[in-house]
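Dear colleague,

I am passing on the structure we spoke about, and I would be grateful if you could look through it with the notes below at hand. They deal with the pockets and with the ligand.

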Amino acid sequence: RLTGDGASSDIRHIVLDFGQAAFPVLEGQTIGILPPGTDAQGRPHHPRLYSVASPREGERPRYNNLALTVKRVTEDHDGHPVHGVASNYLCDLAKGDRVNVIGPYGTSFLMPNHPGANLLMVCTGTGSAPMRAMTERRRRRIPLKEGGTLMLFFGARAPEELPYFGPLMKLPKDFIDINFAFSRVPGQPKQYVQDLIRARHDAVWRQLNAADCYIYLCGLKGMEKGVDEAFRDVCRQHGGDWEALLPQLRETSRYHIETY
Ligand code: NAP
């Protein structure tokens, strides 16, 4: 379990061991989980997709495994109670249980091969999974001194709800520039990732204009519009034009979105 005791959400870090099976994945890809059993109409459950949260060599290198970040779904986006079939199945697994997996999927939400490229990552909640994979890949390569800066904007309800809060806090400041936005801390104003993007406009503007900066957005669908507007404001503030910049970023595969 990744979330704190007082947290309202139950988020798990789940490691799947592939044993002798070949299952190569890259950071940013997803895999499908097939929950066992059938729905009320007797049909098999649909597969559900989860982002790989570990780097390509696995959660533990040379062990042929990978990690997922799974939040137990107990309510829909409007707060009505629902039972998430796949997430509850995954969160209730016991060590050693066998899981049916398909995939991997994803051909575009991938890291640049150039190790010195900068990454600007914006995520909410469990949308942090691919960012964790990319960050871990870079962290393990720190000794190689390949360059490239990481900047992360991470939105969560409160510190207790933030997956990977502890480990993220321990990363060296010159390795990754982390900006947390908390939306439900009593006595504090609601903050979203887009507010922090505006607050850090100088650094964001520099990244938006760096030829080797790659941008990744992952998490709630609602953040897309807010982040787009924040980037537009940052550009306007610096005399730039987001409408002109965005197509360039897209054409050069430097702007990636995965929201649900
Ligand atoms: P959550 O806890 O409900 O929300 C995370 C944060 O985002 C909260 O602070 C929330 O603020 C904020 N937020 C809400 N609306 C926003 C908006 N319009 N702009 C910016 N921030 C906003 O998130 P979650 O339940 O973890 O959901 C994450 C999403 O990521 C899900 O849709 C999931 O399907 C998706 N995802 C998951 C994976 C995976 O591998 N598990 C991979 C990729 C994507 P409030 O206090 O206002 O709610």
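How much space lies in the second largest pocket? About 620 Å³, although please bear in mind that, as with every value in this message, the figure is computed from a predicted model.

The second largest pocket is lined by 20 residues, and those nearest its centre are Val15, Leu16, Asp17, Gly96 and Asp97. Two or more residues of this lining come from each of β1 (11-17), α1 and β5 (100-105), with β1 giving the most, namely 6 residues. By character, the lining of the second largest pocket divides into 10 nonpolar, 4 polar and 6 charged residues.

The largest pocket holds about 1600 Å³ of space and has a lining of 47 residues, of which Lys71, His77, Thr126, Arg157 and Leu220 lie nearest its centre. The elements that supply two or more residues to this lining are β3, β4, α1 (85-91), β7, α4 (193-199) and β9, and the largest share, 4 residues, is that of β3. Here the lining divides into 17 nonpolar, 20 polar and 10 charged residues.

It is in the largest pocket that the ligand sits. Around the ligand there are 23 residues, and Thr69, Lys71, Ser183, Arg184 and Tyr192 come nearest. The strands β3 (48-51), β4 (65-71), β7 (150-156) and β9 (213-219) each contribute at least two residues to this shell, which is made up of 8 nonpolar, 11 polar and 4 charged residues.

Which polar atoms of the protein should you inspect around the ligand? In the side chain of lysine 71, an N or O atom lies 2.6 Å from an oxygen atom of the ligand, and for serine 183 there is likewise a distance of 2.6 Å between a side-chain N or O atom and a ligand oxygen. On the backbone, a polar atom of glycine 222 is 3.1 Å from a nitrogen atom of the ligand. Taken on its own, the ligand has 930 Å² of accessible area, and the protein covers 83% of that area.

If you have time for one residue, I would suggest opening the view at Lys71, which is listed among the residues nearest the centre of the largest pocket and also among those that come nearest to the ligand.

With best wishes

Definitions and conventions. Residues numbered from 1 in each chain as written. Predicted model: local features only at pLDDT ≥ 70, side-chain atom pairs only at ≥ 80, totals over all residues. Heavy atoms only, no water. Near = heavy atom within 4 Å. Polar contact = N/O pair within 3.5 Å; in protein donor to acceptor, adjacent residues only side chain to side chain. Areas by Shrake-Rupley, 256 points an atom, 1.4 Å probe, with all protein chains shown as cover. 1 Å grid on protein atoms, 1.4 Å probe; cavity = no way out; pocket = protein on both sides within 12 Å on 5 of 7 lines; lining within 4 Å. Sits in = over half its atoms within 2 Å of the grid points. Nonpolar A, V, L, I, M, F, W, Y, C, P; charged D, E, K, R; others polar. Points joined across faces, edges and corners; volume = space filled by probe spheres on them.
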